[in-house]
Amino acid sequence: MAGRPREFDREQALIAARDLFWRHGYEGTSLADLVAALGIASARIYKAFGSKEQLYREAIGHYEQYEGGFAARALQHPQILSAVRQMLEQAVVLYTDSEPPVGCMVVSAAGGLSQENQPLAQWLAQQRKDRTAEIVARLQQAQAEGQLRAEAAAQPLGEYYATVLHGLSVQARDGASRERLNAAVTLAMLPLKSLLAD
C-alpha cells in the first residue's frame, strides 16, 4: 500500500523560495530552481502562489515581516540614539549571517532587473523609499520629543542613515567582515550624537 503524499507546507515552500531569491535575485532564480528547492512541480507552485512574480513579492513581504523587520522593531526604542544604533548593529548581524553573506534582500534586488521587469523594480525601489521615510519619521518624532536639537535637520539625517543601512548590505555582500562593518557603524553614530539635545 503506497504511503500518502507528503502534505504541502505553504509556509516552508515560501521560506525556501525566499532564500533562493535572496541569494540569487529574481531573474537569477529560474522556475527549475524553484521546483528543485521547493520539491514540488511547477504547476503546484503556480496553483499555490499564482506566478513567479507573485511568489517573489510574497517572499519579499515575508522577509520584511521577519528577518528584514529588525529596522522597524529597533526604531521603536524610546531613545533615538539607541534606536538608530540597534537598527545598524542588527543590520550588520543579519547581513553577515550566512556564507557567503547575502546582505539585505531588498537592497540586493536594487539592480539587475531587465526592462520587462521594470514594474517590479519600481515596487522594490518603493520598499527602500518606505524604509527611508520610516527613519526620517522616527528622527522627526525624536526632535518633537526634545531628544534632538531644534537645528537638527531630520530629513537629510534620516536619508544619511538610510544610506548607511543600505551601504552595509552592499559591503557585507562584497565580503566586508562583521568587525569592519561594526567599526563603520560606530563612526556613523557620531553625527547623531552631536545633535542630541543637552
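**Exercise 1. A proline and its peptide bond**

Where is proline 100 found? Then state the geometry of the peptide bond that leads into proline 100.

*Solution.* Note that the model is predicted.
- Step 1. Locate the residue. Proline 100 sits in the loop between α6 and α7.
- Step 2. Read omega for the bond from glutamate 99 to proline 100. The value is near 0°.
- Step 3. Assign the bond. The peptide bond from glutamate 99 to proline 100 is cis.

**Exercise 2. The overall fold**

How many helices and how many strands does the protein have? Describe the extent of the protein and its contacts.

*Solution.*
- Step 1. Count the elements. There are eleven helices and zero strands. Along the sequence the pattern reads α-α-α-α-α-α-α-α-α-α-α.
- Step 2. Take the box along the principal axes. The C-alpha atoms fill roughly 75 × 35 × 35 Å.
- Step 3. Check burial. The protein has 198 residues, and 40% of them count as buried.
- Step 4. Turn to contacts between residues at least 6 apart in sequence. Of these, 68% join residues at least 24 apart.

**Exercise 3. Helix α1**

Test the length of helix α1 against the expected rise. Then describe its ends and its buried side.

*Solution.*
- Step 1. Set the expectation. Helix α1 covers residues 10-24, which makes 15 residues. At 1.5 Å a residue, α1 should span 21 Å.
- Step 2. Compare. The end C-alpha atoms of α1 are 21 Å apart, so the model agrees with the expectation.
- Step 3. Look at the N-terminal end. Aspartate 9 caps α1 there. A side-chain oxygen of aspartate 9 lies 3.1 Å from the backbone nitrogen of glutamate 11.
- Step 4. Look past the other end. Glycine 25 follows α1, and its phi is positive, near 80°.
- Step 5. List the buried residues. They are Ala13, Leu14, Ala17, Arg18, Leu20, Phe21 and Trp22.
- Step 6. Find their partners. The buried residues of α1 pack against α2 (31-38), α3 (42-49), α4 (52-65), α6 (80-95), α7 (105-108) and α9 (154-173).

**Exercise 4. Alanine 59**

Is alanine 59 buried or exposed? Which residues does alanine 59 touch?

*Solution.*
- Step 1. Place the residue. Alanine 59 belongs to helix α4.
- Step 2. Apply the cut-off. Buried means under 20% relative accessible area. Alanine 59 has 0%, so it is buried.
- Step 3. Leave out residues up to four places away in sequence. Alanine 59 then touches Leu14, Arg18, Phe21 and Met105.
- Step 4. Cross-check with α1. Leu14, Arg18 and Phe21 are among the buried residues of α1.

**Exercise 5. Helix α8**

Repeat the length test for α8. Then describe what covers its buried residues.

*Solution.*
- Step 1. Compute the expectation. The 27 residues of α8 should span 39 Å at 1.5 Å a residue.
- Step 2. Compare. The end C-alpha atoms of α8 are 38 Å apart, which agrees.
- Step 3. Pick out the buried residues. Among them are Leu120, Leu124, Arg128, Arg131, Ile135 and Leu139.
- Step 4. Name the cover. It includes α4, α5, α6, α7, α9 and α11 (190-194).
- Step 5. Look at what follows. Glycine 146 comes after α8, with a positive phi near 85°.

**Exercise 6. The cavity**

How many cavities of 30 Å³ or more does the structure hold? Characterise the lining of the largest cavity.

*Solution.*
- Step 1. Count. The structure holds one such cavity.
- Step 2. Give its size. The volume of the largest cavity is about 130 Å³.
- Step 3. Find the residues at its heart. Of the 14 lining residues, Glu64, Cys104, Val106, Arg131 and His166 are the closest to its centre.
- Step 4. Sort the lining. It divides into eight nonpolar, three polar and three charged residues.
- Step 5. Trace the sources. α4, α5 (70-74), α7, α8 (118-144) and α9 each supply at least two lining residues. α8 gives the most, with three.

**Exercise 7. Two residues, 95 and 96**

Compare the settings of tyrosine 95 and threonine 96.

*Solution.*
- Step 1. Place both. Tyrosine 95 is in helix α6. Threonine 96 is in the loop between α6 and α7.
- Step 2. Check burial. Tyrosine 95 is buried at 2% relative accessible area. Threonine 96 is buried at 14%.
- Step 3. Compare contacts beyond four places in sequence. Those of tyrosine 95 include Tyr63, Phe70, Pro101, Cys104, Leu168 and Ala172. Threonine 96 touches Pro101, Ala172, Ala176, Arg178 and Leu181.
- Step 4. Add a distance. Tyrosine 95 and glutamine 171 are 76 residues apart in sequence, yet 9.1 Å apart in space, C-alpha to C-alpha.

How values were computed:
Residues numbered from 1 in each chain as written. Predicted model: local features only at pLDDT ≥ 70, side-chain atom pairs only at ≥ 80, totals over all residues. Heavy atoms only, no water. Helix = DSSP H or I, 4+ residues; strand = E, 2+ residues; numbered from the N terminus. Expected span 1.5 Å × (residues − 1). Buried < 20%, exposed > 50% of the residue type's maximum accessible area, 1.4 Å probe, protein only. Contact = heavy atoms within 4.5 Å. Polar contact = N/O pair within 3.5 Å; in protein donor to acceptor, adjacent residues only side chain to side chain. 1 Å grid on protein atoms, 1.4 Å probe; cavity = no way out; pocket = protein on both sides within 12 Å on 5 of 7 lines; lining within 4 Å. Points joined across faces, edges and corners; volume = space filled by probe spheres on them. Nonpolar A, V, L, I, M, F, W, Y, C, P; charged D, E, K, R; others polar.
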